[in-house]
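Keep the sequence and the model open side by side. We will walk through the sheets, a helix, the charged pairs and the cores.

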Amino acid sequence: MSSKDAPEMYTRWRVVVGDRRGLRRRRWPAVMMGSGLTEVPGRPGKRSMPGVGDQVSRLAIAAESVDWLWHLLEHPVSLIQVRRVTVVVDSWRVPESGWSGRLGALRHVLAYRTRFPRSSEGRAMVEIEVRWPTQLRSVIAAIVPLLTPVRPLPQPASADVTAQDVLPAWLGGGQNIAPVSGALPENNDIRAHDVVLTASGESRPLQQPAVTETSVVELVDSAVAAPTPADLYATTLAAGPYGAGVAARPATVLVDLERSVVRRRYGPFGRSADRAELIFTDAEDGWGYRITGPAGLLRAGRIDRPWLGEEALAALAKTGVVHCATVPARHPVAEAAFLVHLTLAGLLVHVPGLPDAVGEHLADEVRDALRADLPAPSDDLEWEVRAVALRRSAMRLHASGFALPRLAASTFPNLTAVPSVSALLVTKRLQHVIEAVNAIENQTYPNLEIVLCLHGVELPAELRARVTRGSRPIEIMTLPPEHGFGEAIGAATARARGSLVTKFDDDDTYGPEHVWDLVLARHYSGATMVGKGAEFVYLQTLDTTVRRSAGFAEEYVPVVAGGTMLISRGDLEQVGGWRPVPRSIDRGLLDRVRRAGGLIYRTHPLGYVYQRRSDGHTWDPGLEYFLRGSGMQWSGLPRHREFGTESSLTGLTELDVDRESEPWAVHRR
């Protein structure tokens, strides 16, 4: 990118984003005919292309899909100034029937208009006009939430990021990201920059403001030291198109989860899934790749664009495992990034000979998982678990929202914390308290508190001592029985301190990665509420766990299991909170979210077992309901680390007390 002292003025311009074979022939408005054309990716038209800071009065954008529109943010054309923009997305699909998006944050909007197809998919159009010339990147970032759900991570504190002469794809389009070209702007009132991304990673401190005699007197009087270069310029990271690094450490692959994780795909897994072979080729100057399946070539492309487009995903729809025998390490960071993007598509990627030159750009957990032996052919559940675990590791260790603060931890150590979560546990059955608290204690999510609400019962002193000796912060409260269940969980929510709240049921089984799954799903789905389906069901009267069909996973849905719901505290209060009803509080909140225009997303079903115990439930359709259409079955609970049942319960359940003398006691299993 380069800067100009005198920006040029363009009356109108066109931009094509995506596959030029179809978009190039689209019908442009008559007023745009004859104007210049920019193709992304591709070569500029015959006329000179607008550069950084140039102004275009009227701009028309034809995008193949919303995914392609996202990728316009990493192109230099996104740094031009515009006033009127028309965006046409040729292939658009509504996330869920009835959903309507909202314009994102944008200043000086004069008018905007949308037009969507009457059916669930087709061509979508957005027109917008602003009073003053505005950077196209900001306009696109505001338009995208009209077309697809976007929900940033909640952050009590975060650093402003300035990208100097770089526009990596993993950066995203957040409000606190400022791309600049040329010299960094200064600000004498406040530190101008927190984290600066540059191509080289070299620090170029700003010039310290002159200290006059008057200002010296003011500083001495207020006992404040004169500003140092560190006050003005905090930390610098070397940013490339596939990742970022600090000091002499190798660059870490980074991805933007909002546009890199593939939704609406779960599986196939195990023996029924096709296997494919990934080969990095010498084509395209060493940037080529080829994926072949049982019937031949599935997809060929370039690794300098590691994300997978719609055509690639369609070609890999029946593929469950991608094996790669050799990674040449010609472009180590790009090759590592491509492997990460394959895992984000839900594929189980196997690279037993992954070279260290490529592996050093990956997190240890991801690198080891890529090299690990594949499961036994007959263990279908283990194949599914491996694919989910690999994708989970890639998301939480390579997502820019989590990884970028870790790279800047030497300067901002307190900004590396993940969003805080409060686990709401409302119960009147003391016999389940220890087991339920233990399930929350065993979660791997680091920033988690427990809000335990005793509804109509008192917590015995010994039981209180046992639940408070754990490692998690815990808030214990008691409500009289005349309060309804909805009022009780509302009171528990009022005590919660987390940015996100999630509901735990006292009689269900939760694996150790359950909360992580929900937080990640909220981030990449953009949904107001996320949860899991009641796909694994334990029937106590039969001492059997069945796996039943509970709808699609990794999909926008109207309902998720009540014991898995996660929502932000702000969104919960915005829809009116919990209804004060004595039963069906889960359905009450689901209905409120949908009435408010929110989306509900169901992530994968692993790590949660819905239990039907013999002591009764408020909703009881009978055992036949859960046995109908069931598939795999296990005697008792499935013994697997993903469900937290691989070994005996540990932690708070050390003592074995007779149930007759202490009805709340939990026996070791």
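How many bridges join strand 18 to strand 21, and do these strands run parallel or antiparallel? Five bridges join them, and strand 18 (residues 421-427) and strand 21 (residues 500-504) run parallel. Two strands count as paired if DSSP finds at least two bridges between them. Helices (H or I, at least four residues) and strands (E, at least two) are DSSP runs, numbered from the N terminus.

A word on the source. This is a predicted model, in which local features need pLDDT of at least 70 and side-chain atom pairs count only at pLDDT 80 or more, while totals for chains, interfaces and linings use all residues. Residues are numbered from 1 along each chain as its sequence is written, and side-chain values use heavy atoms, with hydrogens and water left out.

Go back to strand 21. Its residue threonine 502 stands opposite alanine 423. Both strand 18 and strand 21 belong to an open sheet of eight strands, in the order 20-19-18-21-27-23-28-26. The pairing in this sheet is mixed. Strand 20 (474-479) and strand 26 (555-556) are the edge strands, and each pairs on one side only. Strands of a sheet pair through backbone hydrogen bonds, either parallel or antiparallel.

Antiparallel pairing appears in another part of the chain. Strand 13 (residues 274-281) and strand 14 (residues 288-293) run antiparallel and share five bridges. One pair to find is threonine 281 with its bridge partner glycine 288 in strand 14. Strand 14 also pairs with strand 15 (residues 296-302), in the antiparallel sense, over six bridges. Here tyrosine 289 has glycine 301 as its bridge partner. Two residues make the hairpin connection from strand 14 to strand 15.

Now look at glycine 286. This glycine lies in helix 7 (residues 283-286). Its relative accessibility is 7%, so glycine 286 counts as buried. Buried means under 20% relative accessible area, exposed over 50%, and partly exposed in between (1.4 Å probe, protein chains only). Leaving aside residues up to four places away in sequence, glycine 286 touches Thr281, Arg330 and His331. A contact means heavy atoms within 4.5 Å. Arginine 302 is 16 residues from glycine 286 along the chain, and their C-alpha atoms are separated by 8.8 Å.

Next comes helix 12 (residues 380-398). Its 19 residues reach 27 Å from first C-alpha to last, close to the 27 Å expected at 1.5 Å a residue. The expected span is 1.5 Å times one less than the number of residues. Helix 12 is largely enclosed by the rest of the structure, because 16 of its 19 residues are buried.

Which residue forms a salt bridge with glutamate 382? The partner is arginine 641, with the closest N and O atoms 2.9 Å apart. Glutamate 382 sits in helix 12 and arginine 641 in the segment after strand 30 (630-635), so this pair links parts of the chain 259 residues apart. A salt bridge is a side-chain nitrogen of Lys or Arg within 4 Å of a carboxyl oxygen of Asp or Glu. Glutamate 382 is buried, at 13% relative accessibility. Arginine 641 is partly exposed, at 38%.

A second pair has a similar layout to trace. The side chains of glutamate 642 and arginine 392 meet in a salt bridge (2.5 Å, N to O). Glutamate 642 lies in the segment after strand 30 and arginine 392 in helix 12, so the pair ties together parts 250 residues apart in sequence. Both glutamate 642 and arginine 392 are buried. They also belong to a network of salt bridges that links Arg392, Asp517, Lys532 and Glu642. A search of the whole structure finds 33 salt bridges.

Lys532 leads on to threonine 603, which touches Lys532, Arg391 and Glu554, among others. Threonine 603 is in the loop between strand 28 (600-602) and strand 29 (608-612). Its relative accessible area is 1%, so threonine 603 is buried. Its side chain makes a polar contact with the side chain of glutamate 554 (2.8 Å). A polar contact is a pair of N or O atoms within 3.5 Å; within protein, one must be able to donate a hydrogen and the other to accept it, and residues adjacent in sequence count only if both atoms are side-chain atoms.

Finish with the cores. The largest nonpolar core has 129 residues, and Leu59, Ile61 and Leu278 have the most contacts inside it. Apart from it lies another core of 25 residues, among them Ile489, Ala496, Met529 and Val581. A nonpolar core is a set of buried Ala, Val, Leu, Ile, Met, Phe, Trp, Tyr and Cys residues joined through side-chain atoms within 4.5 Å.
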